[in-house]
Amino acid sequence: MPARWPLASLVMSSRAQGFWSYVHDDDDGDGGRVKRLASLIKAEYAALTGGDSLELFLDHAEIRWGDEWELRIEEALQATTFFIPVVTPRYFRSEECRKKLLGFAGHAKSLGLEELVLPLYYIEVPDLEDKEN
């Protein structure tokens, strides 16, 4: 991914901006709960910080009819400081989700900032389970 992502400046910025990466079918199949969870996290962040806002890019809210969605998502990824993949079995089957996750994670790792990938394990993925325990 492009080196212009501002991950390294996270420490110097008080503005938290993240990218909420999820599969639409998971949200649809769960009655919209995946998107509602993003809203709840934003509200909780504001409560814990005394009103600071947490910006989370959610494609359904940020991309308008007629927008070039791929360009809009790329712009959002370039402006984000952390990445939240909503992990489900479908997530890893989605080429777009995998591409975004691997791109962001690779760039974060190159900067020594792997902790900026904040996976949210929404549905158990058997292939991710520790086989030793």
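**Figure 1. Lys 42 within helix 2 of the predicted model.** Lys 42 is located in helix 2 of a structure that is a predicted model. Its side of the helix is neither fully covered nor fully open at this residue: Lys 42 is partly exposed, with a relative accessible area of 33%. The view pairs Lys 42 with Leu 56, which follows 14 residues apart in sequence and has its C-alpha 7.6 Å from that of Lys 42. Helix 2 itself covers residues 33–49, a run of 17 residues. From first C-alpha to last, helix 2 reaches 24 Å, close to the 24 Å expected at 1.5 Å a residue. Gly 50 follows helix 2 and has a positive phi, near 80°.

**Figure 2. Overall arrangement of the chain, for orientation.** The chain contains six helices and four strands. Along the sequence these elements follow the pattern β-α-α-β-α-α-β-α-α-β. The chain has 133 residues, of which 36% count as buried.

**Figure 3. The stacked pair Phe 83 and Phe 104.** Four aromatic pairs are present in the structure. In the pair shown, the ring centres of Phe 83 and Phe 104 are 5.3 Å apart and the planes lie at 25°; the pair is therefore stacked, the limit for this class being an angle under 30 degrees. Phe 83 belongs to strand 3 (residues 82–87) and Phe 104 to helix 6 (residues 95–110), so the contact ties together parts that are 21 residues apart in sequence. Phe 83 is buried, at a relative accessible area of 0%. Phe 104 is likewise buried, at 0%. Both residues belong to one aromatic cluster, formed by Phe 19, Phe 57, Phe 83 and Phe 104.

**Figure 4. The edge-to-face pair Tyr 91 and Phe 92.** Tyr 91 and Phe 92 form an aromatic pair with 5.6 Å from centre to centre and 80° between the planes, an edge-to-face arrangement. Tyr 91 is buried, with 0% relative accessibility. Phe 92, by contrast, is partly exposed, with a relative accessible area of 29%.

**Figure 5. The salt bridge between Arg 90 and Asp 26.** The structure holds four salt bridges. Side chains of opposite charge can pair when their charged atoms come close. In this view Arg 90 forms a salt bridge with Asp 26, and the closest N and O atoms are 3.1 Å apart. Arg 90 lies in helix 5 (residues 89–93) and Asp 26 in helix 1 (residues 24–29), so the salt bridge ties together parts that are 64 residues apart in sequence. The partners differ in burial class: Arg 90 is partly exposed, with a relative accessible area of 39%, whereas Asp 26 counts as buried at 8% relative accessibility.

**Figure 6. The salt bridge between Arg 33 and Asp 30.** The side chains of Arg 33 and Asp 30 meet in a salt bridge with an N to O distance of 2.8 Å. Arg 33 counts as partly exposed, at 46% relative accessibility. Asp 30 is also partly exposed, with a relative accessible area of 22%.

**Figure 7. The salt bridge between Glu 96 and Lys 100 in helix 6.** Glu 96 and Lys 100 meet through their side chains in a salt bridge of 2.9 Å, N to O. The two residues are four residues apart in helix 6, so about one helical turn separates Glu 96 from Lys 100. Glu 96 counts as partly exposed, at 28% relative accessibility. Lys 100 is buried, with a relative accessible area of 10%, because the buried class takes values under 20%.

**Figure 8. The largest pocket and its lining.** The largest pocket encloses about 210 Å³ of space. It is lined by 13 residues, and those closest to its centre are Tyr 22, Asp 59, Ile 73, Glu 96 and Cys 97. Strand 1 (16–21), helix 4 (69–79) and helix 6 are the elements that each give two or more residues to this lining. Sorted by class, the lining comprises seven nonpolar, three polar and three charged residues. Glu 96, one of the residues closest to the pocket centre, is also the salt-bridge partner of Lys 100.

Notes. Residues are numbered from 1 along each chain as its sequence is written. This is a predicted model: local features need pLDDT of at least 70, side-chain atom pairs count only at pLDDT 80 or more; totals for chains, interfaces and linings use all residues. Side-chain values use heavy atoms; hydrogens and water are left out. The expected span of a helix is 1.5 Å times one less than its number of residues. Rings of Phe, Tyr and Trp (its six-membered ring) pair if their centres lie within 6.5 Å; planes under 30 degrees apart count as stacked, over 60 as edge-to-face and the rest as tilted. Buried means under 20% relative accessible area, exposed over 50%, partly exposed in between (1.4 Å probe, protein chains only). On a 1 Å grid over the protein atoms alone, a cavity is a set of points where a 1.4 Å probe fits but cannot get out, and a pocket is an open set with protein on both sides within 12 Å along at least five of seven lines; lining residues have an atom within 4 Å of a point. Grid points are joined across faces, edges and corners, and a volume is the space filled by probe spheres set on the points. Ala, Val, Leu, Ile, Met, Phe, Trp, Tyr, Cys and Pro count as nonpolar, Asp, Glu, Lys and Arg as charged, and the others, Gly among them, as polar.
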